[in-house]
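Me: Please take a close look at one part of this structure, the hairpin and the strands that form it, and then set that part in the context of the rest of the chain. I should like one connected account that I can follow with the structure open.

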Amino acid sequence: MVSPVFPGPTRKLSRASSQRRRPSWAALALDLALGTLAALGQAPWNLWFLTVLALAALCWQIGRAGHARAAAWHGFAAGLGHFALAMYWIVEPFFVEPEIYGWMAPFALFFMAAGGALFWTVPAWLAARLAPGFPRQGLVFAALMVFSDWLRGWIFTGLPWALAGHVWIDTPAGQLAATLGSIGLSGLTMLAAALPLAFWRGGPDHLRAALPGALLAALAIAAAWSAGMARLARPLPADSALHLRLIQPNAVQALKWDPYWSEVFFRRLLDLSAIRDSGRPAPDAVIWPETAVNFLLEQSGTAPQDIAGFVGAPVILGIQRVEGARYFNSLTTFSDRGIGPVYDKFHLVPFGEYTPWGDVMARFGIRAFAAQHGFGYSAGPGPQVITLPGLPPLQPLICYEAVFPQHLVTGADRPAWLLQVTNDAWFGQLSGPWQHLAQARLRAIESGLPLLRAANTGVSAVIDARGQLRATLGLNLAGRIDAALPGALPPTPWSRWRDWPALGLAAIGLLLAARRRNLRG
């Protein structure tokens with residue numbers, strides 16, 4: 001006997017099931033707004049409390065989402081809003097030559113934001129799969145977000161930009177990075193966001209149930225803040241006797257390589273470097289930014305001696321060089337002895353400085369994207385500590401390299417200071433340069449080393465070993481900073497153990513959420 005088939009009710013049930021798995025457009029709009037609010041904790045806005053509140057609301061949204069697909073939608077929409085605002089600066093390079101590349105800008109922003117949003121989507125989906133039900137999956141989502149922030153620093157060459165923990169850099173709580181690094185700061189953010197759910201009793205509409213956890217979240221932030229203030233209050237080592245001069249030529253990117261304007265900018269570098277101030281000691285070294293000059297290192301001729309003689313001191317500068325058909329983004333020193341040690345940037349910007357898999361494609365006859373054939377930069381050998389005459393050992397960081405804490409040299413080869421040369425003219429004026437500066441400050445906190453930063457259009461800065469700004473030269477200004485090299489602190493706990501303690505604490509949080517599931521399941 002054949003059973004009858006009833007297609008009508010089955011279709012209705014299927015539609016209802018689909019609707020439960022897909023949040024309403026109003027709910028997704030709320031997620032988008034929450035992600036955008038969360039981005040306002042990043043530099044230059046630094047509204048960290050909005051980040052905590054927005055992420056707490058998102059944990060609640062994901063906690064009550066039910067099905068994994070619905071949770072994933074919530075995570076994606078919030079991540080899209082977050083990265084669209086936090087990384088809006090990604091459109092700026094396309095407007096250097098808008099008549100050629102301007103049409104690509106909205107696509108670049110959307111795909112960059114969508115790619116970042118996936119790092120919020122996967123934790124939301126996994127949380128619903130591993131610990132279904134309210135409020136468990138919201139708690140698990142928070143723990144998984146810490147691992148996601150860590151993964152973003154490694155996967156696909158890494159892009160640890162606009163992490164949840166970066167909102168603390170400009171606050172005393174940012175000093176926690178000396179022990180737990182940037183991932184530990186992300187842990188603080190997600191802990192504060194998730195604690196309101198930790199002691200929740202009843203359904204998701206019983207909002208008063210969040211009060212005990214919210215009080216604990218405030219106490220956690222206060223504890224980190226107080227510990228940071230105590231660390232900042234301790235005396236720093238004395239400044240070095242060395243006096244350094246940072247030069248910011250303000251070479252507008254659209255004009256930087258124009259034959260006429262490149263000469264103007266070069267003359268500006270020389271004039272700012274050679275200024276003699278009464279009452280100030282002559283600098284022991286002058287520092288120019290990334291790709292500071294309009295000639296290759298191999299074409300420099302007598303320029304090293306001529307420039308050092310005119311300036312009256314050795315000049316550390318960013319410069320391009322060529323080796324066969326390969327080009328390198330490099331740093332070296334010009335002095336009366338000629339050219340000093342050369343450092344080649346090794347962590348290049350994908351699609352900005354090289355095309356991924358370009359050298360592989362060249363094996364199949366497609367050479368237009370291959371760095372080995374001069375299309376883009378080639379990578380240097382890796383992190384290095386270099387010693388220049390008359391200066392303590394330093395670790396160079398060229399532009400993008402300062403975003404990655406794993407590149408800091410520690411142990412027996414630890415340098416005395418960090419030097420970043422950069423050209424942030426590519427990043428525009430709204431948020432990119434300020435976020436880049438904030439991450440440079442974070443590297444100083446993590447390592448316990450002072451960091452000097454020479455930026456083409458700003459923000460140039462002298463940063464002490466606790467990440468505090470000693471001196472800055474703002475955006476779109478031409479000028480110089482004269483400063484003593486700040487002293488270095490002993491190796492920090494983070495420089496010994498890296499991210500493992502922070503990841504271990506996140507794993508404990510994940511296990512506690514799973515235990516809560518077992519007790520209440």
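Reply: In this predicted model, strand 3 and strand 4 form a hairpin with two residues between them. Gly324 sits in the turn and has a positive phi of about 70 degrees. Strand 3 covers residues 315-323, and strand 4 covers residues 326-335. The two strands pair in the antiparallel sense, over nine bridges. One of the bridge partnerships is that of Val322 with Tyr327 in strand 4.

Strand 3 also pairs with strand 2 (residues 285-287). Here the strands run parallel, and two bridges join them. Ile287 has Ile316 of strand 3 as its bridge partner. Strand 3 is thus paired with strand 2 and with strand 4.

How much of strand 3 is covered? Seven of its nine residues are buried, and the strand is described as mostly covered. In a regular strand the side chains alternate between the two faces of the sheet.

The nonpolar interior comes next. In soluble globular proteins, nonpolar side chains tend to be buried together. The largest nonpolar core in the model has 62 residues, and those that touch the most other members are Leu55, Leu58, Cys59, Trp120, Phe141, Trp161 and Met190. The elements that give two or more residues to this core are helix 2 (25-39), helix 3 (48-63), helix 4 (68-86), helix 6 (105-130), helix 7 (136-152), helix 8 (177-198) and helix 15 (500-520). Helix 6 gives the most, with 10 residues. Apart from this core lies another, of 25 residues, which includes Ile316, Val462, Ile481 and Leu485. Ile316, the bridge partner of Ile287, is thereby a member of the core of 25 residues.

Within the largest core, Cys59 offers a useful point of reference. Leaving aside neighbours within four places in sequence, Cys59 is in contact with Gly138, Phe141, Ala142, Met190, Ala193 and Leu197. Leu197 is also among the contacts of Phe134, again leaving aside neighbours within four places in sequence. The other residues that Phe134 contacts on those terms are Trp60, Gly63, Arg64, Trp200, Gly202, Gly203 and Pro204. Phe134 lies in the loop between helix 6 and helix 7, and its relative accessible area of 17% makes it buried. The C-alpha atoms of Phe134 and Leu197 are separated by 8.9 Å, although the two residues are 63 apart along the chain.

Helix 6 also contributes to the surface through Phe107, which lies in that helix. With a relative accessible area of 48%, Phe107 is partly exposed. Phe107 joins Trp103, Phe110 and Phe111 in a nonpolar patch on the surface, and together the four have about 510 Å² of accessible area.

The charged pairs complete the account. The count of salt bridges comes to 12. In one of them, the side chains of Asp482 and Arg245 meet at 2.6 Å, N to O. Asp482 lies in strand 12 (residues 479-484) and Arg245 in strand 1 (residues 243-248), so this pair ties together parts that are 237 residues apart in sequence. Asp482 is partly exposed at 23% relative accessibility, whereas Arg245 is buried at 3%.

Arg453 and Asp424 form another salt bridge, with their closest N and O atoms 2.8 Å apart. Arg453 belongs to strand 9 (residues 451-455), while Asp424 is in the loop between strand 8 (417-422) and helix 13 (432-447), so the pair ties together parts that are 29 residues apart in sequence. Arg453 is buried at 0% relative accessibility, and Asp424 is likewise buried at 0%.

A further salt bridge lies within helix 10 (residues 259-274), where Asp271 and Arg267 are four residues apart and so separated by about one helical turn. Their closest N and O atoms are 3.9 Å apart. Asp271 is partly exposed, with a relative accessible area of 40%, and Arg267 is partly exposed at 43%. Finally, Asp239, Asp464 and Arg470 are linked in a network of salt bridges.

Technical notes: Residues are numbered from 1 along each chain as its sequence is written. This is a predicted model: local features need pLDDT of at least 70, side-chain atom pairs count only at pLDDT 80 or more; totals for chains, interfaces and linings use all residues. Side-chain values use heavy atoms; hydrogens and water are left out. Buried means under 20% relative accessible area, exposed over 50%, partly exposed in between (1.4 Å probe, protein chains only). Two strands pair if DSSP finds at least two bridges between them. A nonpolar core is a set of buried Ala, Val, Leu, Ile, Met, Phe, Trp, Tyr and Cys residues joined through side-chain atoms within 4.5 Å. Contact means heavy atoms within 4.5 Å. Patches are made of residues with over 30% relative accessible area and no salt bridge: like charges are joined within 9 Å, nonpolar side chains (Val, Leu, Ile, Met, Phe, Trp, Tyr) within 5 Å. Accessible areas come from the Shrake-Rupley method with a 1.4 Å probe; for residues, only the protein chains shown count as cover.
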